[in-house]
Amino acid sequence: MAVHENVIQANEIIGRDAVKALERRGFTAEYVPTGAEALRRVLEIIPADATVGIPGTITVRDIGALDALKERGNTVYQHWGKMTNEERRAARFRENTADVFLTSANALTRDGRIINIDGTGNRVAGMAWGNGLVLFVVGINKLAFDLEDGIKRAKSATIPNAIRQNVETACVKTGHCVNCSAAGNDDSMCRAILILEQAVKGRKYHVIIVGEDLGY
Ligand code: SF4
């Protein structure tokens with residue numbers, strides 16, 4: 001179904017406002033209307049000889065960035081698909097120490113905070129202490145009104161994520177969050193919450209907000 005012209009315009013107004021909020025907090029940020037344009041910018045921003053770590057993100061894969069980077073000759077590290085535990089651990093380490101950590105976010109507040117929830121901690125570690133550039137690609141569907149809304153929005157990604165990873169979390173069974181981490185549930189995928197309130201000292205950040213729904 002085609003997106004209505006009014007929605008396209010509204011997305012641009014909201015997205016550009018969020019860009020200003022991110023910039024006030026020390027992040028480099030920009031708005032682009034489409035995933036295709038986001039891919040073009042990703043390929044411009046990342047040097048052709050850079051190593052790139054891509055953690056578990058649907059957005060980055062859906063815009064075609066992973067394949068395009070590989071085709072261009074960038075070395076790409078990822079833990080995706082069938083791997084032994086040792087291979088997965090090693091891949092996560094390489095992702096987080098690559099020149100560029102290319103990811104999405106679970107939520108982004110309109111006042112410029114970036115929120116992520118993690119089960120293993122690798123994604124939030126890379127975002128807080130990435131080796132080089134931390135580059136976010138974030139669909140307009142990830143924008144939240146405030147912190148509370150952002151955490152809810154971030155947790156809403158858990159059910160499809162759990163289905164993708166074949167993990168039977170409590171929310172997959174119930175259809176809603178039952179705060180299973182508080183009960184020490186072994187299957188919880190919400191063990192660490194990172195709220196980037198400001199660009200972390202010594203890190204470089206670039207956020208591309210896309211005026212289309214991407215990922216979940
Ligand atoms: S805390 Fe548990 S129940 Fe809630 S979203 Fe996370 S995994 Fe699901």
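This passage walks through two sheets, the helices beside one of them, a ligand shell and a few individual residues.

The structure is a predicted model, in which local features need pLDDT of at least 70 and side-chain atom pairs count only at pLDDT 80 or more, whereas totals for chains, interfaces and linings use all residues. Residues are numbered from 1 along each chain as its sequence is written.

A good place to start is the six-stranded sheet. Here 6 strands form an open, parallel sheet in the order 1-10-7-4-2-3. Strands (E, at least two residues) and helices (H or I, at least four residues) are DSSP runs numbered from the N terminus, and two strands pair if DSSP finds at least two bridges between them. At the edges lie strand 1 (28-32) and strand 3 (75-78), each of which pairs on one side only. On average, and with direction ignored, neighbouring strands of this sheet are turned by 20 degrees against each other; axes are lines fitted to C-alpha atoms, for helices over the stretch in contact, and angles run from 0 to 180 degrees between N-to-C directions.

Helix 1 (residues 5-24) packs on this sheet and touches strand 1 and strand 10 (204-210), contact being defined as C-beta atoms, placed from the backbone, within 7 Å of each other. The direction of helix 1 makes about 175 degrees with that of strand 1. Helix 2 (residues 35-45) also packs on the sheet, touching strand 1, strand 4, strand 7 and strand 10, and its direction makes about 160 degrees with that of strand 10.

Helix 2 repays a closer look. Its residues Gly35, Ala38, Leu39 and Val42 are buried, a term for residues with 20 or more other C-beta atoms within 10 Å of their own, while exposed means 12 or fewer and partly exposed lies in between, with C-beta atoms placed from the backbone. Seen down the axis of helix 2, these buried residues fall within an arc of 100 degrees, so they line one face of the helix; the arc is that of the directions from the helix axis to the C-beta atoms. Ala36 and Glu44, on the other side of helix 2, are exposed. The cover over the buried residues of helix 2 includes strand 1, helix 3 (58-62), helix 4 (65-72), strand 4, strand 7 and strand 10.

Strand 7 can be followed residue by residue. Strand 4 (residues 100-103) pairs with strand 7 (residues 133-139) in the parallel sense over 4 bridges. Within this pairing, Val100 stands opposite Leu133, and Phe101 has Val134 as its bridge partner. Strand 7 also pairs with strand 10, again in the parallel sense, over 7 bridges, and here Val134 stands opposite Tyr205. Strand 7 is mostly covered, with 7 of its 7 residues buried. Leu133, Leu135, Val137 and Gly139 point one way from the strand, and Val134, Phe136 and Val138 point the other way.

A further sheet is open and mixed in its pairing, with 4 strands in the order 8-5-6-9. Its edge strands are strand 8 (143-144) and strand 9 (192-196), each pairing on one side only. Strand 5 (residues 107-109) and strand 8 pair in the parallel sense over 2 bridges, and Thr109 has Ala144 in strand 8 as its bridge partner.

Turning to the ligand, 13 residues surround it, and Thr158, Cys171, Cys177, Cys180 and Cys190 come nearest; a residue is near a molecule if its C-beta atom, placed from the backbone, lies within 6 Å of it. The shell divides into 7 nonpolar, 5 polar and 1 charged residues, where Ala, Val, Leu, Ile, Met, Phe, Trp, Tyr, Cys and Pro count as nonpolar, Asp, Glu, Lys and Arg as charged, and the others, Gly among them, as polar. The C-alpha atom of Cys190 is separated by 9.6 Å from that of Ala154, 36 residues apart along the chain. Ala154 sits in helix 7 (residues 147-155) and counts as buried because it has 24 C-beta neighbours inside 10 Å. Leaving aside residues up to four places away in sequence, Ala154 touches Asn106, Ala107, Ile115, Asn116 and Ile117.

Finally, two asparagines merit a mention for their backbone angles. Most residues other than glycine have a negative phi. Asn166, in the loop between helix 8 (158-165) and helix 9 (170-174), has a positive phi near 60 degrees. Asn166 is exposed, with 7 other C-beta atoms within 10 Å. Asn179 lies in the loop between helix 9 and strand 9, and its phi is positive too, near 55 degrees. With 12 C-beta neighbours inside 10 Å, Asn179 also counts as exposed.

Key: Two residues are in contact if their C-beta atoms, placed from the backbone, lie within 7 Å.
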